[in-house]
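Visitor: Hi, I have a new model open and would like to talk it through. Could you keep me company while I look around?
Guide: Happy to, let's have a look together.

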Protein chains: 2
Amino acid sequence: MAASSVSIKDVAAEAGVSVATVSRVLNSHPSVSPASRARVVAAVEALGYRPNAVARSLRTDQTRTLGLVISDVLNPYFTELARSVEEAARALGYSVIIGNADERPELQDHHVRTLLDRRIDGLLVSPTDGGSPLMLDAVRAGTPMVFVDRWIPGVDVPVVRSDGRAAVRDLVAHLHGLGHRRLAIIAGPAATTTGSEPASRRSATPCASTASPCPTPISARATSRPPAGAAPPSASSPCPSRPRSSSPPTTSGARRPRRDPRARLRVPHDIGLAAFDDIPWFVHTDPPVTAIAQPTGDLGRAAVHALIDRIEGRTPRSVTLPARLVVRRSCGESTGGNSGRDPGRHTGRNTGEETPVRIRRSNP
Amino acid sequence: MAASSVSIKDVAAEAGVSVATVSRVLNSHPSVSPASRARVVAAVEALGYRPNAVARSLRTDQTRTLGLVISDVLNPYFTELARSVEEAARALGYSVIIGNADERPELQDHHVRTLLDRRIDGLLVSPTDGGSPLMLDAVRAGTPMVFVDRWIPGVDVPVVRSDGRAAVRDLVAHLHGLGHRRLAIIAGPAATTTGSEPASRRSATPCASTASPCPTPISARATSRPPAGAAPPSASSPCPSRPRSSSPPTTSGARRPRRDPRARLRVPHDIGLAAFDDIPWFVHTDPPVTAIAQPTGDLGRAAVHALIDRIEGRTPRSVTLPARLVVRRSCGESTGGNSGRDPGRHTGRNTGEETPVRIRRSNP
DNA sequence: CCTCCTTGTGGAATCGATTACACGGAGGAT
DNA sequence: ATCCTCCGTGTAATCGATTCCACAAGGAGG
């Protein structure tokens, strides 16, 4: 029944009214007689008519579409974020176009440009770098924009992110309780705020170490793509028995030396390990990996709401949500007798695998 | 410099030519004098002009955009597929809009409808169900479409997928060689072709069993969302010492009984396990999981090329690429003289990553 | 010197919607 | 009865591009 070439004119002809009336029915404008309305609806039905979103966008100057530029689709954290963003946007009648920057600034620019060319209503970005001229121009030109997870310092754009400091404090306490005394941090690309944030994470450490005399942690840089994270960081960090903390892809690189004939450190026996961002598979690794989990769903929702507020003229504020520590076994076996069941992951979709000790829950 | 409200008219005014000439320059039409061209280019530069893709699409009736509807973004297989699709499309000057159906037919329809409304040039689908009227209508209406991974039987649309039969034969041989004699298959939703394909995978077994006297494998159904795959399939399948094969999310559900107090089957000691689709984290699980890997990158590229062939008037054919077996340790230790390690040692919990034994490579 | 063709250019139609504006008729108030 | 509101409707302008067509200028060929 539905040829895709049906336009509003055809519907008007079929219903015996003008295109204006058809349009009014389509947009549920009040001043249409019930009779006309019925005939239009019937014609639409009969012809299988669907309004052309392109034409509509041209006229109304809005696409009801959001752009989301993330730095790495292969990273489960961003995948989950994308999912929740799309969900939240859909609930509000918006679509989402995802651009994957693959941690490459020029690809990020490509996507931003493409998205802008398509006149998306607003942009959600997790910047790969310190801000290209293009992005800066876009902000200056008044494109509604919100940063997620990462941000560009000095740019006046709301940021929706999670704060891991409390969770890091919990982690440090946890580590200390298990007897670990030397810490190292493997960080991502220095250009990103999350890559350089370990500085602040590090600074969180002393706060926690009122009770735990850990020295300032050592820190190393790593690339973040899992299979590309080639060089075993162990080579560059000569002290054993220190826990590490980083994001999952980085961690997957970091884990490699465990089997490296040159190193042969065993987790958690010789060295502890913890990750930033929790992902489903951490439950199944050997050992299950202790991680700091971000509230991905809430982050996505908050970002969408902030952006749409901005689009519709309101003035959104930045949002910071607490991350929380999920203890598993990669920093050592917990000794305390624990009643509860494994909460699995923070998404609520539990697999109920292990029984990790929960030091503290940030969201009640 | 760049106010986003710059239109072709402004450029024309600035350059002192007509909009027609500007358009010709933009589309590198031959008959423009070098002088005019230069002035237009300068004006474009000065104004920071970017053509409005929406207007252009309306006029030319093409968006240079592909839709990709996948059944689950959280599944790394689809994530990788999406990435390669976007990459291939970008290389050919197309953008991709991803729709995540979350295995829900009505969501799938929502995305297909939205994509169609935006007049995308073509659609790549990995169907969640047997085909809604909407999708069937779209095909009938002549929307360029290509199925990826899964397909809808009886619909005349090219399919790009991988054939796991050879790899399954390799797997069966591998299992048999390790002494396994009873097989079970955990399949996904029966409505999908990949969910019901185990029938054909099962049928592949006897072929392989000329040399290996395995009985027809038992098969069970599971939902495919990893944490949602709640019920431990072990309860329903009473025979131990049988390897299982399924996709990673399903597998992650299936692994649970390992720790389930009621079952306490150990992998690979009591039961072997193998998965369809290989994912990065399988290297780090306990034990590393033997899997059948699909050539995701090639699949994505092939799909894009097929679709664009179709869009540009050529007639694409279906493509089937071989999957291949990646042996790790979840079906048992391989006994072959493996260089680096002590053979026969049973540490209970295996750590780490091996050089996987590659039984056979399908792509040379 | 007068065609004829080529080349560059601008005017205007077009894509499919939305919406300002004008207009005719019904109904209420005076 | 006359006038003034509404109400429902249609005509036409508009969004920002592309492209057909007409036309002018200039060079080649007769």
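**At the DNA strand**

Guide: This is a predicted model. Of the atoms of DNA strand D within 4 Å of the protein, 57% belong to sugar or phosphate, and the rest to bases.

Visitor: Which residues come nearest to DNA strand D?
Guide: Out of 25 residues around the strand, those are Ser36(A), Ile8(B), Ser23(B), Asn52(B) and Arg59(B).

Visitor: And how far is the side chain of Ser23(B) from a phosphate oxygen?
Guide: An N or O atom in that side chain is 2.6 Å from a phosphate oxygen of DNA strand D. For Tyr49(B), a polar side-chain atom lies 2.7 Å from a phosphate oxygen of the strand. Asn52(B) uses a polar backbone atom, 2.5 Å from a phosphate oxygen.

Visitor: What supplies the largest share of the surface near the strand?
Guide: H4(B) does, with 5 residues. By class, that surface has 10 nonpolar, 10 polar and 5 charged residues.

Visitor: Changing topic: which residues of H3(B) are buried?
Guide: Ser36(B), Val40(B), Ala43(B), Val44(B) and Leu47(B). Seen down the axis of H3(B), they fall within an arc of 100°, so they line one face of the helix.

Visitor: What do they pack against?
Guide: The buried residues of H3(B) pack against helix H1 (8-15) and H2 of chain B.

Visitor: And which exposed residues are on the face turned away?
Guide: Pro34(B), Ala35(B) and Glu45(B) sit on that face of H3(B).

Visitor: What follows H3(B)?
Guide: Gly48(B), with a positive phi near 65°.

Methods. Residues are numbered from 1 along each chain as its sequence is written. Chains are lettered from A and ligands numbered from 1 in the order in which they are written. This is a predicted model: local features need pLDDT of at least 70, side-chain atom pairs count only at pLDDT 80 or more; totals for chains, interfaces and linings use all residues. Side-chain values use heavy atoms; hydrogens and water are left out. A residue is near a molecule or strand if one of its heavy atoms lies within 4 Å of it. A polar contact is a pair of N or O atoms within 3.5 Å; within protein, one must be able to donate a hydrogen and the other to accept it, and residues adjacent in sequence count only if both atoms are side-chain atoms. Helices (H or I, at least four residues) and strands (E, at least two) are DSSP runs, numbered from the N terminus. Ala, Val, Leu, Ile, Met, Phe, Trp, Tyr, Cys and Pro count as nonpolar, Asp, Glu, Lys and Arg as charged, and the others, Gly among them, as polar. Buried means under 20% relative accessible area, exposed over 50%, partly exposed in between (1.4 Å probe, protein chains only). The arc is that of the directions from the helix axis to the C-beta atoms. Contact means heavy atoms within 4.5 Å.
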